[in-house]
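Please work through the exercises below with the sequence and the model side by side, and try each task before you read its solution.

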Amino acid sequence: MSIQLATAAELPQQATAVFLLPAGTQELPQSLQDLHQSARQYVADQLAQDSKLIMVNHFSHQHYFIVAAAKVTTHLVAEAVRKSGHQLHAQLKADKVAELYVQDLSGHADSTLALALVEGLALTAYQFEGYKTDEKSKEAAKLTRISVVGGVTDEELQELDGVLQGVFLARDLVNAPLNKLNAVQFAERMAAAGEEVGYHTEILDLVRIEALRMGGLLAVNQGSPEPPTFTIMEWKPEGATNEKPYVLVGKGVVFDTGGLSLKPTPASMDMMKCDMAGGAAVTGVLYALAKNQVPLHVIGLVPATDNRPGGLAFAPGDVLTMYSGLTVEVLNTDAEGRLILADALAFAKKYDPAFVVDIATLTGSAARAIGKEGIVAMGTASEEQMAELKKSGHRVHERVVEFPMWEEYTEHIKSDIADINNLGKAEAGAISAGKFLERFAVGYPWVHLDIAGPAYLMAPDSYRGKGGTGTTVRLLYDFLKNQQ
């Protein structure tokens with residue numbers, strides 16, 4: 001169940017509320033009337049001990065106080081508040097709070113902190129519906145409404161809610177197992193989301209994929225008993241401000257066994273239902289843009305299949321002819337994501353795009369390089385475009401680390417018998433994967449986002465939770481919105 005977000009003109013008497021206080025606060029403002037002297041003294045004592053989250057129980061209601069952190073940038077202050085929202089949620093859950101009021105007394109220049117707190121609370125409150133059958137697990141969450149008192153407009157809260165719904169959609173898709181979300185079901189879920197918010201969806205089936213000669217997607221699908229799909233989502237509102245569309249390409253490997261180059265298990269194949277997190281993120285971004293009626297023309301492309309070692313599975317040594325006409329020598333069938341992305345990136349050229357971003361859980365190399373704390377990026381976009389993407393990363397705290405794409409890395413994917421091969425050296429694996437994709441991202445500015453680290457978490461991590469995180473939905477929404 002989603003939390004309803006609303007604004008309030010004033011704080012009602014005896015309402016459960018959380019108050020944001022400035023960094024370094026030592027005493028409460030006198031404007032807080034609903035506190036007797038002993039409670040006020042208790043809060044002052046806690047503030048003197050540098051407590052960051054303080055609770056006062058009035059029995060009929062509760063008051064919570066969060067002290068803003070002193071950080072070097074406003075973006076880091078907002079991130080600390082998001083994490084405070086995560087901590088607060090645990091207390092609200094214990095106190096069985098159903099409705100919460102938020103009042104920002106921090107003196108911050110804009111509404112960022114109140115929104116950041118709401119964002120942290122809502123992202124923490126997300127729960128995958130799952131498939132449990134006992135009644136207790138089906139109980140609705142207690143917290144169902146958050147009202148912000150002053151400083152925030154209805155439009156700002158509605159926009160935040162739209163973005164959150166996009167994140168939750170992406171998380172739901174990533175968390176679903178293969179037997180509930182194969183390539184066809186994934187495409188159907190994308191189409192259903194489009195029907196809900198108003199973007200158009202076209203699903204290419206096996207026959208049309210074969211007619212287009214998408215050799216990468218078809219090869220990866222060869223070992224599967226289930227057909228592939230290629231989903232095209234398009235949000236084109238009247239009055240769109242961009243003449244040429246922005247195109248998002250998402251990897252949609254709904255489960256990756258590694259194919260004949262079988263992954264070891266456990267801790268390698270077990271979590272591979274998440275290998276379509278890039279496609280899920282593209283869906284979440286399109287959903288949020290359409291939900292919020294952002295006046296941009298944006299197209300999402302998601303090639304989808306599972307990668308299995310059955311039947312006529314493609315094999316190391318095979319040579320594929322891709323949609324673009326390039327030939328690829330397969331050295332490892334577990335380097336399959338770049339094969340299906342390559343067809344989609346070449347297909348994207350038909351739209352004459354202004355800018356293309358692909359999102360993929362592509363390499364363990366990226367995850368090993370920067371962990372779950374960031375997103376690896378590279379591409380042919382201008383320095384200005386990459387800088388704008390990084391700024392969005394700081395604003396939403398989905399930070400982007402740019403890797404080089406020096407010409408020397410081209411040597412890593414040279415083949416003796418084909419144009420290129422699909423596997424680089426042991427070193428710089430994330431970059432050689434990017435250099436592979438570069439051969440197909442021709443004719444437009446392009447950025448590749450490798451989200452192998454943050455896309456799926458095996459242990460809870462603050463408001464990102466456990467399992468699918470929906471990473472890059474907030475990043476790309478912010479980036480695209482600022483292209484208007």
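The exercises that follow concern a predicted model, and each one is followed by a worked solution.

**Exercise 1. Burial in two strands**

Task: Decide whether alanine 8 and asparagine 307 are buried or exposed, and find out which residues surround them.

Solution: Begin by placing alanine 8, which lies in strand β1, made of residues 4-8. Its relative accessibility is 16%, and because buried means under 20%, alanine 8 counts as buried. Next look for partners beyond four places in sequence, and you will find that alanine 8 is in contact with Tyr101, Ser147, Val148, Val149 and Gly150. One of these partners, valine 148, is 140 residues away along the chain, yet the C-alpha atoms of alanine 8 and valine 148 are separated by 5.8 Å.

Now turn to asparagine 307, which belongs to strand β11, residues 298-307. With a relative accessibility of 0%, asparagine 307 also counts as buried. Among the residues that asparagine 307 touches, when those up to four places away in sequence are not counted, are Val220, Phe255, Asp256, Phe314, Asp334 and Glu336. As a last step, compare positions along the chain with positions in space: glycine 337 is 30 residues from asparagine 307, and their C-alpha atoms are separated by 9.3 Å.

**Exercise 2. A loop residue**

Task: Where is glycine 371 found, and how does its accessibility class follow from its relative accessibility?

Solution: Glycine 371 is in the loop between α10 and β15, the latter being residues 375-379. Its relative accessibility is 22%, and since the partly exposed class runs between 20% and 50%, glycine 371 is partly exposed. Leaving aside neighbours within four places in sequence, glycine 371 is in contact with Ala366, Gly453 and Pro454. The C-alpha atom of alanine 452, a residue 81 places away along the chain, is separated from that of glycine 371 by 8.6 Å.

**Exercise 3. Backbone exceptions**

Task: Find which residues other than glycine have a positive phi in the loop after α1 and in the loop after α11, and then find which two residues are joined by a cis peptide bond.

Solution: Start from the general expectation that most residues other than glycine have a negative phi and that most peptide bonds are trans. Aspartate 50 has a positive phi of about 65°, and this residue sits in the loop between α1 (37-48) and β3 (53-57). Histidine 397 has a phi near 60°, and its place is the loop between α11 (383-396) and β16 (400-402). Histidine 397 is also buried, at 15% relative accessibility. Finally, the peptide bond between threonine 265 and proline 266 is cis, with omega about 10°, and proline 266 lies in the loop between β10 (252-256) and α8.

**Exercise 4. Nonpolar cores**

Task: Determine how many residues the largest nonpolar core has, and examine the surroundings of leucine 248.

Solution: The largest nonpolar core has 96 residues, and Leu248 is among those with the most contacts inside it, together with others including Leu100, Phe186 and Ile359. Apart from this core lies another, of 48 residues, among them Val247, Phe403, Tyr409 and Phe440. Returning to leucine 248, and leaving aside neighbours within four places in sequence, you will find contacts that include Val282, Val285, Leu286, Ile359, Leu476 and Leu480. This can be read beside a general tendency: in soluble globular proteins, nonpolar side chains tend to be buried together.

**Exercise 5. A cavity and a pocket**

Task: Describe the volume and the lining of the largest cavity, and then do so for the second largest pocket.

Solution: Take the cavity first, which holds about 40 Å³ of space. Its lining includes Ala170, Val174, Ala277, Ile451 and Thr471, and by type the lining residues divide into 7 nonpolar, 2 polar and no charged. The helix that gives the most to this lining is α8, with 3 residues.

The second largest pocket contains about 780 Å³ of space. It is lined by 34 residues, of which Lys263, Leu362, Thr363, Gly364 and Ser365 lie nearest its centre. In this lining the count by type is 12 nonpolar, 12 polar and 10 charged. Helices α9 (337-348), α10 (364-370) and α12 (429-438) each supply at least two residues, and the largest share, 4 residues, comes from α10.

How values were computed:
Residues are numbered from 1 along each chain as its sequence is written. This is a predicted model: local features need pLDDT of at least 70, side-chain atom pairs count only at pLDDT 80 or more; totals for chains, interfaces and linings use all residues. Side-chain values use heavy atoms; hydrogens and water are left out. On a 1 Å grid over the protein atoms alone, a cavity is a set of points where a 1.4 Å probe fits but cannot get out, and a pocket is an open set with protein on both sides within 12 Å along at least five of seven lines; lining residues have an atom within 4 Å of a point. Grid points are joined across faces, edges and corners, and a volume is the space filled by probe spheres set on the points. Ala, Val, Leu, Ile, Met, Phe, Trp, Tyr, Cys and Pro count as nonpolar, Asp, Glu, Lys and Arg as charged, and the others, Gly among them, as polar. A nonpolar core is a set of buried Ala, Val, Leu, Ile, Met, Phe, Trp, Tyr and Cys residues joined through side-chain atoms within 4.5 Å. Buried means under 20% relative accessible area, exposed over 50%, partly exposed in between (1.4 Å probe, protein chains only). Contact means heavy atoms within 4.5 Å.
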